[in-house]
Amino acid sequence: MVQSLSVVHEGRARLKRKMPSLSINNPMEVLRQRLLLEVARKQMREANQRQAVANRLFLQNVGKRGFWANSAPNRYDN
């Protein structure tokens, strides 16, 4: 017989499928996972930026003599 015929089912010959399956389940799952990862990365990036701003504001006040001079007496004056 012809090579392109594969299975004879109920008296009919069926052609071999030479193209990939048309199912979209797997590609949709891949896209869904990529989207979820991208959203998670964006949220982490934004959280890190907010924390960096908070840290920067905190560090602007730590270690400055002017900040503590107004609120506590100077302990090192002799």
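**View 1. Glu29, a partly exposed residue in a predicted model.** Glu29 comes out at 35% relative accessibility in this predicted structure. That puts Glu29 in the partly exposed class because the value falls between the cut-offs of 20% for buried and 50% for exposed. Look to Arg32 for the partner of Glu29: the two form a salt bridge.

**View 2. The salt bridge between Arg32 and Glu29.** How far apart are the closest N and O atoms of this pair? They sit 2.6 Å from each other. Side chains of opposite charge can pair when their charged atoms come close. Both Arg32 and Glu29 belong to helix H1, and they are three residues apart, which is about one turn of the helix. Arg32 has a relative accessible area of 42%, so Arg32 is partly exposed too. If you're hunting for other salt bridges, don't: the structure holds one.

**View 3. A nonpolar patch with Met28 in it.** Which residues make up this patch? Ile24, Met28 and Leu31 do, and together they give a nonpolar surface of about 310 Å². Met28 is part of helix H1, which covers residues 25-61. With a relative accessible area of 41%, Met28 is partly exposed, because that value lies between 20% and 50%.

**View 4. Helix H1 and strand S1, at opposite ends of the confidence scale for this chain.** Among the elements of the chain, H1 has the highest mean pLDDT, at 94. Strand S1, made of residues 5-9, has the lowest, at 53. Residues 1-5 stay under 50 in pLDDT. For that stretch the model has seven contacts beyond four places in sequence. Across the chain, pLDDT averages 77, and 59% of the residues score at least 70.

**View 5. Stepping back to the chain as a whole.** Follow the sequence and you meet the elements in the order β-β-α-α. That makes two strands and two helices. How much of the chain counts as buried? The figure is 0% of the 78 residues. The accessible surface adds up to about 8300 Å², and carbon and sulfur atoms account for 56% of that area.

Technical notes
Residues numbered from 1 in each chain as written. Predicted model: local features only at pLDDT ≥ 70, side-chain atom pairs only at ≥ 80, totals over all residues. Heavy atoms only, no water. Helix = DSSP H or I, 4+ residues; strand = E, 2+ residues; numbered from the N terminus. Buried < 20%, exposed > 50% of the residue type's maximum accessible area, 1.4 Å probe, protein only. Areas by Shrake-Rupley, 256 points an atom, 1.4 Å probe, with all protein chains shown as cover. Patch = residues over 30% accessible without salt bridge, like charges linked within 9 Å, V, L, I, M, F, W, Y side chains within 5 Å. Salt bridge = Lys/Arg side-chain N within 4 Å of Asp/Glu carboxyl O. pLDDT = per-residue confidence, 0-100. Contact = heavy atoms within 4.5 Å.
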